[in-house]
Amino acid sequence: MLREIKPKNARSKRALENKAPKIVENPKSTLFLRGTTCSQTVQDALADLHALRQPLAKKFSKKNDIHPFEDPSSLVFFSEKNDTSLLVFGSSSKKRPNTLTFARTFASSQILDMLELHIIPETFRTLAQFKSRKFAVGLRPMMLFSGTAWDSPVANEYTILKSFLVDMFKGETGSDKIDVEGLQYMVSVAADEPAGDDVKPTVHLRLYLLDTKRSGQRLPRIELEEMGPRMDFRIGRSQQPDEAVWKEASRKPKVGVEKTKKNITTDLMGDKIGRIHVGKQDLSEMQTRKMKGLKRNRDIDGAASTAGGDDDTQKRQKQ
């Protein structure tokens with residue numbers, strides 16, 4: 001059961017309404033931070049991912065003594081203070097070298113899910129090592145997930161990573177229109193085919209620029225050029241979201257959904273038409289209204305009765 005927070009003033013009420021579920025969600029920001037021991041490979045990876053997510057990204061340069069899977073309270077604190085629901089924590093140790101930990105928070109008070117990825121340093125290439133041109137800041141990419149591991153019907157490490165990457169790269173989704181000129185790059189995430197139950201498939205992250213060429217037809221020819229960074233990951237530890245918390249996080253508000261009212265319809269002109277059902281009525285017991293104009297005058301009634309009496313006397317005398 002989630003704790004319900006009641007606002008104390010108008011400012012806190014507006015802040016809670018801003019964090020409440022919406023039909024069109026706010027763009028999610030990402031916080032990048034490092035641990036006390038961090039290799040150069042992890043620092044370069046954090047810098048490149050931070051550059052890709054501008055302007056919806058923040059980065060800490062100081063060291064932080066944080067162990068996400070043992071005590072995530074510091075991550076929750078930084079997430080709430082910086083208003084970032086996505087976190088990427090970099091660390092490196094003898095047991096787990098070159099590690100990136102992806103975490104998501106919910107309701108600014110708890111960790112929703114976490115996933116640990118180990119960078120393979122032999123195939124790692126930074127963004128600066130590719131001399132190609134770069135995309136404009138703030139554009140949304142096209143995303144491609146290739147491999148059977150992403151289509152698992154059961155929640156696992158790969159479904160968590162896919163959901164996290166979509167949240168991180170989708171940006172602002174307020175408009176349903178697409179500008180073709182804004183489609184400048186693509187994020188490709190590929191997973192090897194599973195070789196066995198004990199060996200988890202390796203994940204390959206690649207970014208490509210879209211270059212349009214003349215094709216002699218109406219539609220241009222599209223060519224892909226790798227722009228970096230190039231990262232290969234091995235899957236590490238993971239923390240699955242709790243079922244009740246995940247259900248609450250996926251809940252959609254009912255705002256904007258018009259409720260159907262019984263016996264009320266709308267015609268083609270937009271006018272409302274209501275139907276009223278009336279039960280059987282007993283008209284014999286219906287009380288009518290008494291009006292003075294319907295009453296007979298007492299003097300007229302008395303004269304009529306007197307004239308009637310004289311006529312009867314005359315008839316008797318003739319007989």
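A cavity here is a set of grid points where a 1.4 Å probe fits but cannot get out. The close-ups below come from a predicted model.

**View 1. Two closed spaces inside the model.** Counting those of 30 Å³ or more, the structure has two cavities. The largest comes in at about 40 Å³, and the second largest at about 30 Å³.

**View 2. The walls of the largest cavity.** Have a look at who lines this one: Phe 102, Leu 117, Leu 161, Leu 165, Val 189, Val 203, Leu 205 and Phe 233. That makes eight nonpolar residues, with no polar and no charged ones in the lining. Helix α4 (157–169) and strand β8 (203–213) each chip in with at least two residues.

**View 3. The walls of the second largest cavity.** Phe 102 and Leu 161 turn up in this lining, along with Ala 103, Arg 104, Asp 113, Met 114, Leu 115, Ile 160 and Phe 164. Strands β4 (99–106) and β5 (110–119), plus α4, are the elements that give two or more residues here. The tally is seven nonpolar, no polar and two charged.

**View 4. Strand β10 and its partners.** Strand β10 (residues 231–239) pairs with β5 in the antiparallel sense, over five bridges. Zoom in on Phe 233, the β10 bridge partner of Ile 119; Phe 233 also sits in the lining of the largest cavity. Strand β8 runs antiparallel to β10 too, joined by three bridges. On that side, Leu 205, another lining residue of the largest cavity, has Met 231 of β10 as its bridge partner.

How values were computed. Residues are numbered from 1 along each chain as its sequence is written. This is a predicted model: local features need pLDDT of at least 70, side-chain atom pairs count only at pLDDT 80 or more; totals for chains, interfaces and linings use all residues. Side-chain values use heavy atoms; hydrogens and water are left out. On a 1 Å grid over the protein atoms alone, a cavity is a set of points where a 1.4 Å probe fits but cannot get out, and a pocket is an open set with protein on both sides within 12 Å along at least five of seven lines; lining residues have an atom within 4 Å of a point. Grid points are joined across faces, edges and corners, and a volume is the space filled by probe spheres set on the points. Helices (H or I, at least four residues) and strands (E, at least two) are DSSP runs, numbered from the N terminus. Ala, Val, Leu, Ile, Met, Phe, Trp, Tyr, Cys and Pro count as nonpolar, Asp, Glu, Lys and Arg as charged, and the others, Gly among them, as polar. Two strands pair if DSSP finds at least two bridges between them.
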